Amino acid sequence: MANAPNEMLVPHLRFLPRTLPAWLIIILIGTLLVSQTTLFVIMSRNRVASSEIVDLYRLNERAVWLAKLMSPLSSDERRTISGELADSTVVVNLSSIPAVGAPVADTDTLAELEDILVARLGKFGVQDARVRIDEPNTRSVSPPVDTTLQEPGQVEEDLSEIARDFLSSQRYTVSLQMKDGQWVNFVTPVTPIGPLFAPESLPTYLLVSAIVVLVALWAVSRITGPYQLLEAAVARLGTNLNSPPLVERGSRDYRSAAKALNFAQGKLQEHVEERALLAAALAHDLRTPITRMRLRTALLKNSDTKKALDANIADIEETVESVISLAKLDSTAEALERIDMMSMVETVADEYDDAVVAGQEGIVGRPVCLASPTALRRAIRNIVENAISYGGIARLTLRLEQQVVLLLVHDDGPGVDPSHADNLFKPFFRLDSSRNRRTGGSGLGLTIARTLVRRMGGDVTLANHEKGGLQVTIRLLRAADS
């Protein structure tokens with residue numbers, strides 16, 4: 001139950017990217033979206049604030065102009081001229097009661113504007129001023145059409161569209177009380193604010209955004225490309241210690257990392273060479289006393305003691321040769337070649353009486369792979385010998401797939417406990433605890449086989465066969481055009 005919360009998080013974390021380029025792209029695009037959204041919000045607010053200030057200025061100037069015009073006229077003269085002042089957006093009328101009934105403005109801005117109007121218009125006989133903002137009039141939103149124009153041009157269409165926007169926008173209603181008690185009322189629209197994105201500019205915006213994203217992808221690929229080379233070099237170093245060193249060219253961070261990796265590779269190569277020299281020295285030192293022991297046992301009469309000594313000497317020689325072979329694996333290099341796996345398998349099987357080639361399975365084609373001939377032959381021999389030693393027989397089957405060539409080696413032995421499957425590839429690990437090399441082996445056969453195959457870009461795995469026994473699988477890349 002303690003792991004339940006972690007298990008619940010797995011489905012959510014599964015969709016998160018797992019590579020540096022993906023995270024960089026997400027961060028860049030996310031930053032771009034946030035910055036653009038913030039910019040649009042700021043622009044929108046600034047446009048609203050600027051438009052409001054301009055509308056209040058226009059309202060103030062229109063009120064001054066109207067008060068200056070109406071002040072010297074009589075009531076009848078005002079009524080006559082008010083009809084001539086009205087247009088499609090501005091309405092002027094006279095009344096005995098104000099159109100704005102509330103003496104107190106709805107907002108502080110309008111209240112301050114009323115005080116400004118009373119102060120400025122007092123010299124024209126205006127005693128009171130009231131301002132109210134109303135919702136748009138939805139009953140009529142069509143401007144008057146000039147029938148003299150047969151085919152209106154672009155300018156006329158733009159003017160008509162702006163007129164429609166004014167008719168459908170909010171409006172200020174202003175009531176000015178003259179000194180004779182008459183109210184002059186006029187209505188002026190609020191300037192409509194167009195959208196930030198016009199349909200005509202949307203393709204341009206999308207094009208620019210696509211260019212930015214493509215440039216970001218290119219930049220991320222250039223930035224992360226060297227680090228992907230580092231990742232590949234580290235992975236290659238695990239299978240081939242003698243792989244070519246990285247070129248120390250590029251950004252300072254990459255040069256430092258490449259230099260450190262090349263230095264580590266050099267140190268590992270020195271360590272492997274020292275291990276090989278130590279093994280060679282050990283073999284040289286041991287062969288001399290082993291030879292003396294064989295000469296001395298040759299002087300003995302045939303007896304159980306002589307047979308036991310000969311067997312012990314053979315065990316020592318086998319162990320020495322296995323250690324030398326394991327030490328030299330990383331220090332020897334062999335070029336990869338195109339190898340016909342069927343020919344290779346048949347050649348190895350002919351060397352053992354208990355090895356049987358079962359044939360080829362899978363798709364139709366030639367089982368040609370890229371491998372080192374000597375190393376591959378040795379790996380197959382080690383696996384076949386292991387199968388014969390523990391299972392009595394080695395059945396070799398080739399399986400050809402689209403990208404890989406598989407060699408399946410199946411024996412009739414008891415199989416292995418799945419928990420010990422990985423341990424069988426460790427040096428000197430043997431399930432058979434016997435000290436007799438004929439039954440227990442040296443414990444290095446599978447280790448050497450998998451090391452050799454991995455150096456060729458493949459792998460070796462094992463599992464219990466469904467019909468009993470152990471099945472070892474050699475997986476190698478299939479050669480192109482095979």
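**A walk from a surface patch to a five-stranded sheet**

Let's begin on the outside of this predicted model. Leu-16, Trp-23, Ile-26 and Ile-27 together make a nonpolar surface patch of about 370 Å². To find Leu-16, look at the loop that joins helix 1 (4-13) to helix 2 (20-70). Its relative accessible area is 41%, and since buried means under 20% and exposed over 50%, Leu-16 is classed as partly exposed.

Now let's move along the chain to the sheet. Here five strands form an open sheet of mixed pairing, and their order is 6-8-9-11-10. Which strands stand at the edges? They are strand 6 (355-362) and strand 10 (459-464); each has a single partner strand, so one side of each is left without a neighbour in the sheet. From one strand to the next, the twist averages 20 degrees.

It is worth pausing at the edge formed by strand 10. Strand 10 pairs with strand 11 (residues 470-477) in the antiparallel sense, and six bridges connect them. If you would like a residue pair to follow by eye, take Ala-463, whose bridge partner in strand 11 is Gln-471.

Two helices can be placed against these strands. Helix 9 (residues 341-349) packs on the sheet, where it touches strand 6, strand 8 (394-400), strand 9 (404-410) and strand 11. The direction of helix 9 makes about 165 degrees with that of strand 6. Helix 12 (residues 445-455), for its part, lies across strand 10 and strand 11 and runs at about 135 degrees to strand 10.

With that frame in mind, let's zoom in on two residues. Thr-473 is part of strand 11. Is Thr-473 buried or exposed? Its relative accessibility is 11%, and because the limit for buried is under 20%, Thr-473 counts as buried. Setting aside residues up to four places away in sequence, Thr-473 touches Leu-406, Leu-407 and Leu-408, along with Asp-459, Val-460 and Thr-461.

Our last stop is Pro-367, found in the loop between strand 6 and strand 7 (368-371). Although Pro-367 sits in a loop, it counts as buried, with 6% relative accessibility. What is Pro-367 in contact with, leaving aside its neighbours within four places in sequence? The list holds Ile-339, Asp-340, Met-341, Met-342, Gln-360, Leu-398, Leu-400 and Val-405. Ile-339 is 28 residues from Pro-367 along the chain, and 8.3 Å separates the C-alpha atoms of the two.

Notes. Residues are numbered from 1 along each chain as its sequence is written. This is a predicted model: local features need pLDDT of at least 70, side-chain atom pairs count only at pLDDT 80 or more; totals for chains, interfaces and linings use all residues. Side-chain values use heavy atoms; hydrogens and water are left out. Two strands pair if DSSP finds at least two bridges between them. Helices (H or I, at least four residues) and strands (E, at least two) are DSSP runs, numbered from the N terminus. Axes are lines fitted to C-alpha atoms, for helices over the stretch in contact, and angles run from 0 to 180 degrees between N-to-C directions. Contact means heavy atoms within 4.5 Å. Patches are made of residues with over 30% relative accessible area and no salt bridge: like charges are joined within 9 Å, nonpolar side chains (Val, Leu, Ile, Met, Phe, Trp, Tyr) within 5 Å. Accessible areas come from the Shrake-Rupley method with a 1.4 Å probe; for residues, only the protein chains shown count as cover. A salt bridge is a side-chain nitrogen of Lys or Arg within 4 Å of a carboxyl oxygen of Asp or Glu. Buried means under 20% relative accessible area, exposed over 50%, partly exposed in between (1.4 Å probe, protein chains only).
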